[in-house]
Amino acid sequence: MSVSLSRVRFLIVDDNTHAVNLVKAMLRGFGADQLYDAQTIDAAQRRMKITPCDIVILDYMLGAEEGVTFARWLRNDPDSPAPYTPIILLTGHADRSKIVAARDAGVNEFCVKPVTPADLMKRIAWVIDRPRPFVRSNTYFGPDRRRHDDPNYRGPERRAERQSKP
């Protein structure tokens with residue numbers, strides 16, 4: 001990884017204190033020391049307004065709420081202080097519907113629980129070293145959901161800027 005994590009501000013959003021402490025221990029092991037946490041969506045929103053963080057590590061389930069509610073707020077709300085902030089979602093629920101819902105809310109990367117330091121570091125490196133461009137449409141704002149560009153695809157969903165290329 002080409003960037004030191006000592007200057008990166010992380011917000012960990014999880015209602016489980018043990019999980020927060022585990023993620024903080026991993027981040028400290030990577031050299032990060034600017035670590036903030038929140039146990040609710042409201043607290044995470046307040047924290048982002050006070051100290052906008054550089055990367056959000058977000059749990060899928062926050063009590064009765066879903067973390068994607070926070071992701072939608074961060075990406076789309078006029079009061080959001082940092083709509084381009086990378087979001088890494090931690091989830092023990094890796095079924096397709098939850099992954100699609102999180103992706104459509106603007107989540108950048110996913111880590112399936114139990115999270116290992118190697119998996120978390122890989123996702124952090126991706127959002128820092130290989131950020132995907134952001135896309136805005138009538139129904140979506142967030143990182144480009146396509147991970148790979150297939151030059152052979154010519155279907156109806158092909159982006160206009162790509163269609164103009166030979």
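Which elements do the buried residues of α5 pack against? The legends below walk through this predicted model view by view, and the answer comes with the view of α5.

**View 1. The whole chain, for orientation.** Before zooming in, here is the overall inventory: the protein chain holds 6 helices and 9 strands. Of its 166 residues, 42% are buried. Among contacts with a separation of 6 or more, 63% join residues 24 or more positions apart. The accessible surface comes to about 9,200 Å², and carbon and sulfur atoms contribute 50% of that area.

**View 2. The open sheet of 5 strands.** Reading across the sheet, the strand order is β2-β1-β3-β6-β7, and the pairing is parallel. At the edges stand β2 (34–38) and β7, each with a single partner strand, so one side of each has no neighbour in the sheet. On average, neighbouring strands are turned by 20 degrees against each other, ignoring direction. If you would like a reminder of what holds such an arrangement together, strands of a sheet pair through backbone hydrogen bonds, either parallel or antiparallel.

**View 3. Strand β1 and its two partners.** This close-up is centred on β1, where 4 of the 5 residues are buried, so the strand is largely enclosed by the rest of the structure. Toward β2, the two strands run parallel and are joined by 5 bridges. One residue pair to look for here is phenylalanine 10 with its bridge partner in β2, leucine 35. Toward β3, the pairing is again in the parallel sense, over 4 bridges. Here leucine 11 has valine 56 of β3 as its bridge partner.

**View 4. Strand β3, covered along its length.** How many of the residues of β3 are buried? The count is 5 of 5, so to speak a mostly covered strand. Ile55, Ile57 and Asp59 point one way, while Val56 and Leu58 point the other way, and all are buried. β3 also pairs with β6, in the parallel sense and over 4 bridges. Valine 56 has isoleucine 87 as its bridge partner in β6.

**View 5. Helix α2 on the sheet.** Helix α2 (residues 41–50) packs on the sheet and touches β1, β2 and β3. The direction of α2 makes about 170 degrees with that of β1. The buried residues to pick out in α2 are Ile41, Ala43, Ala44, Gln45 and Met48. Their cover includes β1, β2 and β3, along with β4 (61–62), β5 (65–66) and α3 (67–76).

**View 6. Helix α5 and what it packs against.** Here is the answer to the opening question: the buried residues of α5 pack against β1 (9–13), α1 (17–29), β3 (55–59), β6 (87–91) and β7 (109–112). Those buried residues are Leu120, Arg123, Ile124, Ala125 and Val127. As a guide to reading any such helix, an α-helix has 3.6 residues a turn, so residues three or four places apart point the same way. The length of α5 can be checked too: at 1.5 Å a residue, its 13 residues (117–129) should span 18 Å, and the end C-alpha atoms are 18 Å apart, which agrees.

**View 7. Aspartate 59 and its surroundings.** Aspartate 59 lies in strand β3. Is this residue buried or exposed? Its relative accessibility is 6%, so aspartate 59 counts as buried. The side chain of aspartate 59 makes a polar contact with the side chain of lysine 113, at 2.7 Å. Leaving aside neighbours within four places in sequence, aspartate 59 is in contact with Val13, Asp14, Asp15, Gly67, Leu89, Leu90 and Lys113.

**View 8. Cysteine 111 in strand β7.** Our last stop is cysteine 111, which has its place in β7. With a relative accessible area of 1%, cysteine 111 is buried. Not counting residues up to four places away in sequence, cysteine 111 touches Leu89, Leu90, Thr91, Asp119, Leu120 and Arg123. Cysteine 111 and aspartate 59 are 52 residues apart in sequence, and their C-alpha atoms are 9.6 Å apart in space.

Methods: Residues are numbered from 1 along each chain as its sequence is written. This is a predicted model: local features need pLDDT of at least 70, side-chain atom pairs count only at pLDDT 80 or more; totals for chains, interfaces and linings use all residues. Side-chain values use heavy atoms; hydrogens and water are left out. The expected span of a helix is 1.5 Å times one less than its number of residues. Buried means under 20% relative accessible area, exposed over 50%, partly exposed in between (1.4 Å probe, protein chains only). Contact means heavy atoms within 4.5 Å. Accessible areas come from the Shrake-Rupley method with a 1.4 Å probe; for residues, only the protein chains shown count as cover. Two strands pair if DSSP finds at least two bridges between them. Axes are lines fitted to C-alpha atoms, for helices over the stretch in contact, and angles run from 0 to 180 degrees between N-to-C directions. A polar contact is a pair of N or O atoms within 3.5 Å; within protein, one must be able to donate a hydrogen and the other to accept it, and residues adjacent in sequence count only if both atoms are side-chain atoms.
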